[in-house]
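I opened the notebook to record what I looked up, element by element, before any bench planning. The entries follow the order in which I worked.

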Amino acid sequence: MEAASLPAALELVAGGGAGLSPEKRAVLGASLLLLQRDYRFERVWFWGCIQGVRGAYYIAEGLGPDRAAPRSRLYSLNCVEWSLLPPATEDIVAQAEQLKGRFQGDPSFEYEYTEINTEDAERLFEDGKELMIKEETRLVAMIEQIDRAVGIIPRGAFVKTPLGSVHENRNFEGLSLTEAKKLSSYFHFTEPVNLKNKTLLEKALLDPSTDFLDSLEHDIPQGSWTVQLEKGGTVVVLRSLLWLGLTFYHVPMTKQYGYVYFGTGEKNLDLPFML
Amino acid sequence: RGHGPYQPHEPGYGLYQPGYSLYDDQIPDPNSRMLAIQNAKAYLLQSSTISGLNLYDHLANMLTKILDEQPTNVVDIIENISKDVKWAQFRKKMDTLRDEHEILPKFEAAEKRKALFLKANGEGDEELEEEIGEMPLPNVMETAFYFEQAGIGLSKDESYHIFLALKKLISIQPIQTCRFWGKILGLEMNYIIAEVQYHEGEEEEETEEDEVIEEGGKGVGEDEDEDEEKEDEPPKSTYKPPPVVPKEENGTGANKFVYFVCNEPGKPWVKLPSVTPAQIVCARKIKKFFTGRLDAPVVSFPPFPGNEANYLRAQIARISAGTQISPIGFYQFAEEEGEEEEEGGGGRETYEENPDFQPLSVAELVDSLSTWVHHRQSILKQGRCVWLNPFQKSEEEEEEENEEDEKAEEPDEQQQEIGPPLLTPVSEDEGIQNIPAWTAQPSTNLIPQYAVAILRSNRWPGAYAFASGKKFDNIYFGWGHKYSPENHAPALPPPVQAEYPRGPEITETRDPTLEEELAFKAAKEEALAAAEEEEDEEDVEDDEEEDDD
């Protein structure tokens, strides 16, 4: 969610019971602004909070002129001092996927691989690296996974210019109520995967400036998103069931939207059994 | 060179000679220029055959709009402005019918929430005087404030609505104590849950559902008796289902509290049925999301005995038994004489508030988990809080089962299950792998004098407890499931039942080979050689046997 709209946004996502204490809210207002100044971001998003066993990580993302470029991610243990995280690579993501269990809350904690086959080990550690991975790396990988899987925006909120860069759409006035209840009005804010597989007929109906991302309609498994009207029907809240804790809110017919993650940072692999 | 054409106000005007300058083809003489302008304007005024608009009017409208609104960087968004103007055109033209005012769902919801804020007529003042001594209504806002210090809780609006909804509940039902238990999220709607204790003697008895189930069981038994009367009776089933563990009485054990749920504050409260041990045992094996509708079926394996209301009640019971904690010393056992010897050694079941409670400091509460205790009985494997041997009543059935069952788990061996006694410290809770069962933190490190001690459960993510001075409370916000690091593995179907007892007389064996038969025959003939009298008869018999092959 946008750093500027943090207080109002937190009220809207509080339906899940998770939020920030007044202390954290107050300090974020100041420290996110300083982040913007120090790193020269154009936009700063408060990504969310990952609860570890002994402590919590607060994550912020910074966006540059091209909103679809890889975002810089920073983490903090107390919302005051922020550290930049290394960019996520495919190797790191693949390695971290093998880890299970909660985050510890200590960035220098090292995980050992206990349940990994020798084949997988050879594939992942081609250079013969040690079978230890730091929690910081796991954090990077997990944020990347969550963003890729469930980071969403409403349709029309961003436009792609002919030069390829992506900007906020200044004419976006919000989705209407009927549109807001449909999953097809929301897109994954990441590199599209399914777009090329659409039939020519479907592609002809798309508007290349706004429909350049995958929509949520064809997410697997079906039903992995819950769409609810909260606060007496004034806010549309989408919650992901695959990554429990990811909450997206949008007030129809206004420009307010955003997503935030409050959770333990674990994928819900039991989802098919639970639906 | 040639800066023409010169306008009247520029020097050089009048020097221009038509027909002789470089720009002749572009700028004809004034008359033909006017003609060209008129042609161009006529072209612009041409109505489109598709939409009926013309470009001239469209451009005029667009420029009017731009000049009225004066947005920044107009040239970048000019196309969108053009689109907007066109849309606006269409809407006005087709507006022959008046729009019916849309009754959006949010208006109805607002209506319901407004109803919460209206004071009930005539009842308010009288009851206030009576109830000042005993206030069943919990101070939801105060609890919400303490939890907010840790970043837990709903928005203040929602908390206040819940506050008023609880007040409404109390005015409807005869309630002695009431507490906001928490919120469970669902797929279509969420549940807001209130934990309630009735005044003594005011409970409604729910025996209807139980009677129906019992009658169903008896009906099956009667069918079996009728089968005996027929001539060709199929083999009578020797299967006796294990006896149903009876549920606990209202007011004790897992059914100590009654729970009311509603989907949103403002909607009517619905009472959840009591929980049976079978439901708890089954709920431990399945993991399903709640849909938000109490009458939704729970499709699972093993099949859950009940619908979503029962599943919800079972999960609430499990969560309460596992995560309702209080600082040590807040509750103490009631001193009762002569009650130390109880059947089954279940331990004490009742507790009361300790009037001499000395609050512990936040540092003590956070450092060590032994300063917190469970004040709810834990649920045994059986599904009850107090163990009950279901086999006690039918001793004859026991004897029959022992003879016939092959895989008999002899009922005599059923161990009495004992759980941890009431008021055990939380430090005795088992962790999961290497994660402790609870995470304790103060709400703030910057201002320790006013910090609140917060405990988060790791076994039931979403269960929180706070303590500050003499106040404490528990709450739950979550999806209603236990944490398990391994993936959920659904129960396997039971092995196929044995159809008939196996024995050597019906077991197939291989036919003997020729060599074996010859050897057998040779051995037999040797034996017969000794008895000469029977040789003739047996040779004949042997020949017959060989012919049968």
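Entry 1, a helix across a sheet. In this predicted model, I began with helix H2 of chain A, residues 22-39, and found that H2(A) lies across strands S1 (43-51), S2 (56-63), S3 (72-76) and S4 of chain A. I noted the direction as well, and H2(A) runs at about 130 degrees to S1(A).

Entry 2, the sheet itself. I then asked in what order the strands of the open sheet are arranged. I read the order in chain A as S4-S3-S2-S1-S14-S13-S12-S11, which makes an open sheet of 8 strands with mixed pairing. The edges are strand S4 (83-84) and strand S11 (225-230) of chain A, each of which pairs on one side only. Looking at one pair in detail, I found that S13 (residues 246-250) and S14 (residues 257-263) of chain A run antiparallel and share 5 bridges. Within that pair, A:His250 has A:Tyr257 in S14(A) as its bridge partner.

Entry 3, positive phi in two loops. I looked next at the loop between S13 and S14 of chain A, where A:Met253 lies, and saw that A:Met253 has a positive phi of about 65 degrees although it is not a glycine. I also asked whether A:Met253 is buried or exposed. Its relative accessibility is 55%, and because the cut-off for exposed is over 50%, A:Met253 counts as exposed. A:Arg40, in the loop between H2 and S1 of chain A, is likewise not a glycine and has a positive phi, of about 60 degrees. With 70% relative accessibility, A:Arg40 counts as exposed.

Entry 4, cis peptide bonds. In chain A, I found a cis peptide bond joining A:Ile220 and A:Pro221, with omega about -10 degrees, and I placed A:Pro221 in the loop between helix H7 (200-205) and S11 of chain A. In chain B, the peptide bond from B:Phe301 to B:Pro302 is cis, with omega near -5 degrees, and B:Pro302 is found in the loop between helices H9 (277-283) and H10 (308-323) of chain B.

Entry 5, a helix of chain B and its cover. I wanted to know which residues of helix H6 of chain B, residues 140-148, are buried. They are B:Val140, B:Thr143, B:Tyr146, B:Phe147 and B:Glu148. The cover over these buried residues includes H2 of chain A, so I returned here to the helix of my opening entry, together with H7 (156-172), S1 (175-184), S10 (453-457), S11 (463-468) and S12 (471-478) of chain B.

Entry 6, two packed helices. I followed H7(B) further and found it packed against helix H4 of chain B (residues 105-117) at an angle of about 65 degrees, with the axes 9 Å apart, in a left-handed crossing. On the H4(B) side I listed B:Arg113, B:Leu116 and B:Phe117, which meet B:Tyr160, B:His161, B:Leu164, B:Ala165 and B:Lys168 in H7(B). The residues of this contact divide into 5 nonpolar, 1 polar and 2 charged.

Entry 7, chain A as a whole. I counted 8 helices and 14 strands in chain A, and buried residues make up 52% of its 275 residues. The C-alpha trace of chain A spans about 50 × 50 × 40 Å along its principal axes. The radius of gyration of chain A is 19 Å, which agrees with the value near 19 Å that a compact globule of 275 residues would have.

Technical notes. Residues numbered from 1 in each chain as written. Chains lettered and ligands numbered in written order. Predicted model: local features only at pLDDT ≥ 70, side-chain atom pairs only at ≥ 80, totals over all residues. Heavy atoms only, no water. Pairing = 2+ DSSP bridges. Helix = DSSP H or I, 4+ residues; strand = E, 2+ residues; numbered from the N terminus. Contact = heavy atoms within 4.5 Å. Axes fitted to C-alpha atoms, helices over the stretch in contact; angles between N-to-C directions. Buried < 20%, exposed > 50% of the residue type's maximum accessible area, 1.4 Å probe, protein only. Left-handed = near helix turned anticlockwise from the far one by under 90°. Nonpolar A, V, L, I, M, F, W, Y, C, P; charged D, E, K, R; others polar. Rg over C-alpha atoms; globule rule 2.2 N^0.38 Å.
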